[in-house]
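I opened this model to practise reading a structure piece by piece. These are my notes on what I looked up.

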Amino acid sequence: MSGHTEVHSPVGGRVMTRPFAILLLIVGIGALVTLWRFFNGIASVSNLNNGYPWGVWISIDVVVGTAIGCGGFAIGLLVYVLNRGQYHPLVRPAVLTSLLGYGLAVIAVTIDLGRWWGLWKVPTHIWRWTHSPQLEVALCVAAYVMVLLVEISPAFFEKWKDSSNSFLRSFSERGLTFMDRALVWILALGLMLPAMHQSSLGTMMLLPGPRVHSLWFTPWLPFLFLVNCIIIGFAVVVLEATFSAIAFGRKRETSMLASLGKVIAGVATFWAAFRVIEVAVTGDLGLIASGKGLAFLAEVLLTAFGALILFSGNLRVRPSWQVRAAMLLLLGGIAHRVNTYLVAFTPGENYSYFPSVPELFITFGIIAAEVAIYLAIVKTFPILSGKPSAAGKEIRGSV
Amino acid sequence: MDRSRRALLKVIATTAGATAAASGTAVQARARLQPPPDAVGMLYDTTRCIGCKACVVACKDANDMATDPGPFEDAIYDAPIDLNGDTRNIIKLYREGPQRSYMKGQCMHCVDPACAAACMLGSLKKNEVTGIVSYNPAYCVGCRYCMMSCPFNIPKFEFNKAVPNIVKCELCRHRVKDAAANVDGFTRYPRGQGPACCEVCPREAVIYGKRDELLEEARSRIAANPGRYFEDRIYGETEAGGTQVLYLSHMSFEKIGLPEYSDQGVPHVAYTVQNGIYYKLPFVIPAALYVGLAAVMLRNRKTREGSEGAKS
């Protein structure tokens, strides 16, 4: 948004470093397994079966992947709607993470879809649209990827406006002018779409309701998923800000993250309390003693402990505790999603599922691709705020 | 920061308000769907089934499905242990002490099918006349949400194929050529055109006809044989919102693999939430959210520019 004066600058340095090469190797293995899957069917690489049609590709790559991509949504709400301009330096890296999280979730979906070549019909065959919650998710995610591309475009325009190519130069200048004028309307889309499809991701698991454990089956699932994605989004913003500051030797945003931590603590406490109270009101609290109670406790306690750390004025200001709290919140948030989509689901007797090794290679490949592309882009384009410090110049080359 | 925390909760409440409201009203009943007047179906009676599996073979034949050696890999068996990409119909055996019961598994052709509610482009669709839940691969992307959603674990998928399809019983709708006529009180097609499993059953353990006729037949069997059938109940009359395949059993339905469901259709909760947010007032809530967000941000920009102008 106009009026902000902080400067974004590329990290610089070599893109091809040893860690980057390792990431590429993991991506390469995942790509080979993917190729194999397209020629030989899903069973040839995964343990997905007729009882568990959805496994880690859906629950982790897509359902968790898009939540990790909610950093842009969470920080956008804070900066633009709550008018907390002081957090603006966190926006651009968060939007990049969101784009990567969502973009790769779309790729993961395509790998998971048995009949992926028909995917183009989903947005185009309007006359066949049903009221399926999954259709809402599919359309919103596709639209949101476009919106994120537009939101991140100034980072590219800022670099290209100094390009020697005159076409690229004028295109970028016009793009920047357009963005300045239309930003509010694009940002509003960028906040509405995640609110819609993140809640619908919760609605989706209402349809398999009879086979979903009572601790997870509640009409409040869409609401829980919506608040959950905001918590995950904030946690990712904290981790990303801290790790890129360390890795690239930038000034740490410790005090900004501390005050952000206070906000997160409130939201996370609200979520954990709501989760427990809702289960108590339906009278299912006794089910915690059942086999799956542990999974329920994990998501609630991880979230609550994360919040507890951030409520402490002493711990909140220390980067190491910020990271610990964010990790707890991230794990708690992820647990809720994986639980709802995988752990809570029971297809009936005689079926079991645990991901196979090649299946996991695809998931690892997706995650590695996300990190690799992030590294390459922040080194090349102005994403992170501020200028690298002198110390950063020395260590920068090693990441 | 207390103010901002309160404000953030307020925004979450606004953006999520629609979701919350709709979630909360999910308990309100959606009108229960009724089967179409000409709904067809099947009636299976465990007391008549001898487990010969002629229906399994006939089904494979009628639907051109490959054999499946099941656990006996490389052996000369067709012995699927459950429904799968090559099996639309299965006979299972439940044993408990001296008691035993066969059980026939295939699509129940629900009155309010969850698979069709899950399907994005209506590849799985309930016929408005016959009520048959059919599959059209032309609009299927292979997402398998139908498999997740089916309360009876029926739709199966060809996981081992590069070009896979969803596989489920479609009541042999592809065999019908001529009109049905009344035979012994049941509306039936000429031989070779009805559901293959029913046509070959040597004991009439599974029969087909219109759902109303089958319900009547089931009721008269219950009346004629007091104490023979579990709870004197027809499974599928109301369970899971009603199904077009009906069951009579001498053992508990739950034990032979038919879970106890309320008379509310399975998609009811998801539909109520989804309709509350998007369709009751068509897209008014998302539109209002969009305008509201934009208005707040425009106001924020104005106040910020105003304060910056005052400073300089």
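The entries below go from confidence to helices, then rings, then single residues.

**Entry 1: confidence**

I noted before anything else that this is a predicted model. For the complex, the predictor reports an ipTM of 0.91 and a pTM of 0.91.

I looked up chain A next. Its average pLDDT is 91, and 95% of the residues score at least 70. Residues 1–5 of chain A have a pLDDT below 50, and this stretch has 16 contacts in the model beyond near neighbours in sequence. I marked another stretch of chain A, residues 390–399, where pLDDT also stays under 50. The model has 20 contacts beyond four places in sequence for residues 390–399 of chain A.

Chain B averages a pLDDT of 89, with 89% of the residues at 70 or above. Which elements of chain B have the lowest and the highest mean pLDDT? Helix α1 (residues 2–24) of chain B has the lowest, 52, and strand β11 (residues 245–248) of chain B has the highest, 98. Over residues 1–5 of chain B the pLDDT stays under 50, and I found twelve contacts there beyond four places in sequence. I wrote a reminder in the margin: where pLDDT is low, the predicted coordinates should not be read in detail.

**Entry 2: chain B as a whole**

I looked up the make-up of chain B. It has eight helices and eleven strands. The chain has 312 residues, of which 55% count as buried. I also looked at contacts in chain B with a separation of 6 or more: residues 24 or more positions apart account for 58% of them.

**Entry 3: two helices in chain A**

Two packed helices are described by the angle between their axes and the distance between the axes. I looked up helix α1 (residues 18–40) and helix α4 (residues 91–112) of chain A; their axes come within 10 Å and cross at roughly 35°. On the α1(A) side the contact is made by Thr34(A), Arg37(A) and Phe38(A), and on the α4(A) side by Thr110(A), Ile111(A) and Asp112(A). I sorted the residues of this contact by type and got two nonpolar, two polar and two charged.

**Entry 4: aromatic rings**

How many aromatic pairs does a search of the whole structure find? It finds 31 over all chains.

I picked out Trp116(A) and Trp117(A). Their ring centres are 5.6 Å apart and the planes are at 80°, so I filed the pair as edge-to-face. Trp116(A) is partly exposed, with a relative accessible area of 34%. Trp117(A) is partly exposed too, at 35%.

The rings of Phe270(A) and Phe274(A) have centres 5.9 Å apart and planes at 40°, so this pair is tilted. Both residues lie in helix α9 (residues 254–282) of chain A, four residues apart, which is about one turn of the helix. I noted Phe270(A) as partly exposed, at 32% relative accessibility.

I then looked for charges over rings. Lys159(A) lies over the face of Phe381(A), 5.7 Å from the ring centre. Arg324(A) lies over the face of Trp321(A), at 4.5 Å from the ring centre.

**Entry 5: Phe253(B)**

In chain B, ring pairs link Phe152(B), Phe230(B), Tyr235(B), Phe253(B) and Tyr261(B) into a cluster. I followed Phe253(B), which lies in the loop between β11 and α7 (268–279) of chain B. Is Phe253(B) buried or exposed? Its relative accessibility is 0%, so Phe253(B) counts as buried. Leaving aside neighbours within four places in sequence, the contacts of Phe253(B) include Phe230(B), Tyr235(B), Leu258(B) and Glu260(B).

**Entry 6: two more buried residues**

I looked up Ala118(B), which is in helix α3 (residues 114–118) of chain B. At 0% relative accessibility, Ala118(B) counts as buried. Apart from neighbours within four places in sequence, Ala118(B) is in contact with Ser132(A) and Leu207(A), and with Tyr145(B), Cys146(B) and Ser149(B). The C-alpha atoms of Ala118(B) and Arg144(B) are 9.1 Å apart, while 26 residues separate them along the chain.

My last look was at Thr242(A), in helix α8 (residues 221–247) of chain A. Thr242(A) is buried, with a relative accessible area of 5%. Not counting residues up to four places away in sequence, Thr242(A) touches Leu257(A) and Val323(A).

Terms used
Residues numbered from 1 in each chain as written. Chains lettered and ligands numbered in written order. Predicted model: local features only at pLDDT ≥ 70, side-chain atom pairs only at ≥ 80, totals over all residues. Heavy atoms only, no water. Axes fitted to C-alpha atoms, helices over the stretch in contact; angles between N-to-C directions. Contact = heavy atoms within 4.5 Å. Nonpolar A, V, L, I, M, F, W, Y, C, P; charged D, E, K, R; others polar. Buried < 20%, exposed > 50% of the residue type's maximum accessible area, 1.4 Å probe, protein only. pLDDT = per-residue confidence, 0-100. Phe/Tyr/Trp six-rings, centres within 6.5 Å; stacked < 30°, edge-to-face > 60°. Lys NZ or Arg CZ within 6 Å of the ring centre and 35° of its normal.
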